[in-house]
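Here is a short note for a colleague opening this structure for the first time. Please keep the view open while you read the points.

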Amino acid sequence: MTGLILKDCYNLKRTFGVYSVLVLGFSIFCMVTKRFLFLSLPPVLIFSSMITNTFVQDRMVNWNKLAVTTATGRRGIVKAKYALFYLILLVATLASFILGLIGAIAGGVKPIAEIKIFLFGLTIAICGGSVSIVLLYLWKEAVEKIELITVISYTVSSGLLAAAVQAMRSVFGVDLYGFFACFCLALIFPVMTYTISVRAFENRDLE
């Protein structure tokens, strides 16, 4: 599985610069418009979508057809994608922490507010990325519509999170339960989508 992750990391080196420019651009926009509260969002939301690019590259060289013949197997291929996804999120979280710190110092943003907005953004990234992965495994031709898949995944995840947080506030009337909603979604989505992804990929015809 380590080899599969390293293979994808090597391939992502080609597109990492493009995503970094996007993160930098949105971060500068937040600072220029004095929206320091949202500085921690660009890294997790943009970098997390990098995972879909690995599927495009695999499709170009018909990688899966070769990989399933190895000892790793189909389950190992799916597991490697999810492991890589969380490695990307780890790097994105570090970048978000640095930008969030800049926002707290330069913009006078309260740390608790920065933590809340980052937590919401991270949950959207986890859910959106997980949905993107499962759709790519469920729908054989999804790679050809990767941009649409990514937009739908993150939009749906944002809507579900907003609805869950609002429901918690309406019932309990305390922001603390918004954190609980984020925590639950961040746990449920990856487990659910991983299970579906494995089953879908195991039943897929790679010819």
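1. Begin with R74. It lies over the face of the F201 ring, 5.5 Å from the ring centre. Keep in mind that this is a predicted model.

2. A lysine has a similar entry. K81 lies over the face of F55, at 4.7 Å from the ring centre. Both distances fall within the 6 Å allowed for a charge over a ring.

3. Which residues do ring pairs link to F201? The answer is F55 and Y137, and the three form a cluster. Two rings of this cluster thus carry a charge over the face: F201 has R74, and F55 has K81.

4. The structure holds 5 aromatic pairs. Take F55 and Y137. Their ring centres are 5.2 Å apart, and their planes stand at 80°. That angle is over 60 degrees, so the pair counts as edge-to-face.

5. Now place this pair in the fold. F55 belongs to helix α3, residues 51-60. Y137 belongs to helix α6, residues 111-138. The pair therefore ties together parts that are 82 residues apart in sequence. Are these two residues buried or exposed? Both F55 and Y137 are buried.

6. F85 and Y86 form an aromatic pair too. Their centres lie 5.5 Å apart, with 70° between the planes, and the pair is edge-to-face. The two residues differ in burial. F85 has a relative accessible area of 0%, so it is buried. Y86 has 34%, so it is partly exposed.

7. Turn to helix α1, which spans residues 2-32. Where does α1 bend? The bend is at R14, by about 50°. Please look at this place in the view.

8. Many side chains could be checked for burial in α1. Buried residues there include L4, I5, L12, V23 and C30. The polar or charged names K7, D8, N11, T15 and S27 are also on the buried list. Y19 is buried as well.

9. Just after α1 comes K34, with a positive phi of about 60°. K34 is not a glycine. Why remark on the sign? Because most residues other than glycine have a negative phi.

10. K34 sits in the loop between α1 and α2, the latter covering residues 41-47. Its relative accessibility is 65%, so K34 counts as exposed. Compare F85, which is buried at 0%.

Key. Residues are numbered from 1 along each chain as its sequence is written. Side-chain values use heavy atoms; hydrogens and water are left out. Rings of Phe, Tyr and Trp (its six-membered ring) pair if their centres lie within 6.5 Å; planes under 30 degrees apart count as stacked, over 60 as edge-to-face and the rest as tilted. Helices (H or I, at least four residues) and strands (E, at least two) are DSSP runs, numbered from the N terminus. Buried means under 20% relative accessible area, exposed over 50%, partly exposed in between (1.4 Å probe, protein chains only). A charge sits over a ring if NZ of Lys or CZ of Arg is within 6 Å of the ring centre and within 35 degrees of the ring normal. The bend at a residue is the angle between axes fitted to the seven residues ending there and the seven starting there.
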